[in-house]
Amino acid sequence: MLSLICARIWTAMEGDFNQTTLSAEQALERLVSGNERFRSGATRLSKPTCADLTSFAEGQHPFATILGCSDSRVVPELIFDAGLGELFVVRVAGNVLSPEGAGSLQYAGSHLNTPLFVVLGHEGCGAVSAALATRDQGAEQRSRIQVLVNSILPGLPNFDPESSPETRLSKAVESNVRLTVRKIHESPEGQMRVAEGRMRVVGAIYDVVSGVVRFLS
């Protein structure tokens, strides 16, 4: 039965999808409201049952795309109180824009027509911390991790020599998010869809202590 459901989901993914009826602004408001519910404990969703999966097998209509970090504490569906089919999520350590991730985002834009793209970083990010250690202390990372770190290095800011390690990491996390947002904006697909008024890209930072998502201006 499960294999049949998976096959139907894959078949649906091969076809055309209807665009969500939400605008980018409405999608953003929905994420903000979901995060407020998550923090207050007033979540609106219950765990789906196997019977619920049938309705999702016909296709997906997410209202937002999230490029987030792989950190196990930063699960977009939970921190935005979103259910199955509501978010199209791409996760990679450091929320960097890899070729594979860019392909996934292009899929979300061209096939799923999500109006809102969110680059979601988080306080205390280990990947950004590793990039800082590489730049400022000459730390050497394992080969694959170094490839990841190299994607973060260009966005690291300069710091006040008197700033604390915590402040430096927090500023670096935000700069890394802004770098990824800029890369999406500067891509040919991003430029086209933004110019058409069909997409908005925003950055956000999740605080793993308070549960608050802070959207960047």
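**Close-up 1. Strand 1 and the directions of its side chains in this predicted model.** From strand 1, A64, I66 and G68 point one way, while T65 and L67 point the other way, and all are buried. In a regular strand the side chains alternate between the two faces of the sheet. Strand 1 covers residues 64-68, and because 5 of its 5 residues are buried, it is largely enclosed by the rest of the structure.

**Close-up 2. The parallel neighbours of strand 1.** Strand 1 is joined by 5 bridges to strand 2, residues 87-91, and the two run parallel; within this pairing, A64 has L87 as its bridge partner. Another 5 bridges join strand 1 to strand 3, residues 116-122, again in a parallel arrangement, and here the bridge partner of I66 is V118.

**Close-up 3. The open sheet and the helix that lies across it.** The sheet is formed by 5 strands in the order 2-1-3-4-5, is open, and has mixed pairing. Strand 2 and strand 5 (213-215) stand at the edges with a single partner strand each, so one side of each is left without a neighbour in the sheet. From one strand to the next, the twist averages 25°. Strand 3 and strand 4 (residues 200-206) run parallel and are joined by 7 bridges, with L116 standing opposite R200 of strand 4. Helix 2, residues 24-40, lies across strand 1, strand 2, strand 3, strand 4 and strand 5, and runs at about 35° to strand 3.

**Close-up 4. An aromatic pair between strand 2 and helix 5.** A search of the whole structure finds 2 aromatic pairs. In the pair shown here, the ring centres of F88 and Y107 are 6.0 Å apart and the ring planes stand at 35°, so the pair counts as tilted. The pair links distant parts of the chain, since F88 belongs to strand 2 and Y107 to helix 5 (residues 99-112), and the two are 19 residues apart. Both F88 and Y107 are buried.

**Close-up 5. Helix 6 and what covers it.** Helix 6, residues 126-137, has 12 residues and reaches 15 Å from its first C-alpha to its last, which is close to the 16 Å expected at 1.5 Å a residue. The buried residues of this helix include A127, V128, A130, A131, L132, A133 and T134, and what covers the buried residues includes helix 7 (143-152) and helix 8 (165-186). After helix 6 comes G138, whose phi is positive, near 70°.

**Close-up 6. A salt bridge from helix 2 to a loop.** Across the whole structure, a search finds 8 salt bridges. One of them is formed by R30 and E86, whose closest N and O atoms are 2.7 Å apart. This pair links distant parts of the chain, with R30 in helix 2 and E86 in the loop between helix 4 (76-79) and strand 2, 56 residues apart. R30 is partly exposed, at a relative accessible area of 33%, whereas E86, at 14% relative accessibility, counts as buried. R30, R44 and E86 are linked in a network of salt bridges.

**Close-up 7. A salt bridge within helix 8.** R178 forms a salt bridge with E174, with 3.0 Å between the closest N and O atoms. The two residues are separated by about one helical turn because they lie 4 residues apart in helix 8. R178 counts as partly exposed at 35% relative accessibility, as does E174 at 22%.

Methods. Residues numbered from 1 in each chain as written. Predicted model: local features only at pLDDT ≥ 70, side-chain atom pairs only at ≥ 80, totals over all residues. Heavy atoms only, no water. Buried < 20%, exposed > 50% of the residue type's maximum accessible area, 1.4 Å probe, protein only. Pairing = 2+ DSSP bridges. Phe/Tyr/Trp six-rings, centres within 6.5 Å; stacked < 30°, edge-to-face > 60°. Expected span 1.5 Å × (residues − 1). Contact = heavy atoms within 4.5 Å. Axes fitted to C-alpha atoms, helices over the stretch in contact; angles between N-to-C directions. Salt bridge = Lys/Arg side-chain N within 4 Å of Asp/Glu carboxyl O.
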